[in-house]
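Thanks for coming. I have one structure to go through today, and I will take the strands before the cores. Please have the sequence and the model open.

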Amino acid sequence: MKYASPELQTLLAAEYVLGTLRGRARRRFERLRARIPALAREQTYWETRLAALGLKLAPQIPPAELWRRIERLTQAPTAPRPALWDRVGFWQGVALVASLAALAMGILLRQLPAPGEPDYVGIVQAKDSQALWVVQADLERGELRCRTAGAAYPVPAGRDLELWLLVKDEAAPISLGVLPQTGETVTPLKPELAARLARAAALAVSLEPAGGSPTGAPTGPVLFTAPPPLPT
């Protein structure tokens, strides 16, 4: 069965997430995904990777000439399309270029330097859905990484924001450390905490004295809650 090939599964899932897998091929992928768990895992992997990559990109204003080209391409045609659009070879070429682009991006993302290949990823967002922090857990390295995802969230002088993990069937939240206001923090991921990630129910952020809660439990108001880190 050709769909058992890991390389093909990676390519199909990457194209599906990028949107270059269309029409019957897209519908076939969705049917296969229901029968082949590896495809669902690959799809989740690419959705997570691309979402994380998007958070690193600063918004860009396209040049005026690019906007004019987009307008020309999206305007309704006033004359019959050139014969080029009707050629099967043209669309085959487009599909080939799209597939190669997806494959190239897949290879590029696979080769991104790994601080890197996290086992769990979570995102803390503001109420307006703006991403504030990305939380990554690397079980093999035993590391927990927290980095800002955009502009620094304003924190009163003499205060810090502390990240907490809420675990199913456990009443007390577990501290994941003080969140950075800029850049990234890397802290050891203790084995007992790593084991709890699979049972995590949510993340929460509280306002604490500088350096974090003095009691080991939240002492200030909870400013944000977020879904738990998900396996990649």
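Strand 4, residues 159–167, pairs with strand 7, residues 200–209, in the antiparallel sense, and 9 bridges hold that pairing. For one position to look at, take Trp-164, whose bridge partner in strand 7 is Ala-204. I should say now that this is a predicted model.

Strand 4 also pairs with strand 5, residues 174–178, again in the antiparallel sense, over 4 bridges. There, Glu-162 stands opposite Val-178 of strand 5. The hairpin of strand 4 and strand 5 has 6 residues between the strands, and in it Asp-169 takes a positive phi near 65°. As for how covered strand 4 is, 7 of its 9 residues are buried.

Next, strand 2. Why is strand 2, residues 131–138, described as largely enclosed by the rest of the structure? Because 8 of its 8 residues are buried.

Strand 2 has pairing partners too. Strand 1, residues 120–125, runs antiparallel to strand 2, and 6 bridges join them. Within that pair, Ile-123 of strand 1 faces Val-134 of strand 2 across the pairing. The hairpin they form leaves 5 residues between the strands, and Ser-129 has a positive phi there, near 75°.

Strand 3, residues 143–148, is also joined to strand 2 by 6 bridges, and these two run antiparallel. Here Asp-138 stands opposite Glu-143 in strand 3. In the hairpin of strand 2 and strand 3 there are 4 residues between the strands, and Gly-142 takes a positive phi near 65°.

One general point on strands. In a regular strand, side chains alternate between the two faces of the sheet.

Now the cores. Which residues touch the most other members of the largest nonpolar core? They are Val-124, Leu-163, Leu-165 and Leu-203, out of 26 residues in that core. At least two residues of this core come from each of strand 1, strand 2, strand 3, strand 4, helix 6 (191–196), strand 7 and strand 8 (222–226).

Let me stay with Leu-203 for a moment. Leaving aside neighbours within four places in sequence, Leu-203 is in contact with a list of residues that includes Val-124, Val-135, Leu-163, Trp-164, Leu-165 and Leu-176. Also among the contacts of Leu-203 are Phe-224, Thr-225 and Ala-226, and then Pro-227, Pro-228 and Pro-229.

Apart from the largest core lies another core, of 13 residues. Among its members are Tyr-16, Phe-29, Ala-38 and Tyr-45.

That is what I have; questions, please.

Note on methods: Residues numbered from 1 in each chain as written. Predicted model: local features only at pLDDT ≥ 70, side-chain atom pairs only at ≥ 80, totals over all residues. Heavy atoms only, no water. Buried < 20%, exposed > 50% of the residue type's maximum accessible area, 1.4 Å probe, protein only. Pairing = 2+ DSSP bridges. Core = buried A, V, L, I, M, F, W, Y, C linked by side-chain atoms within 4.5 Å. Contact = heavy atoms within 4.5 Å.
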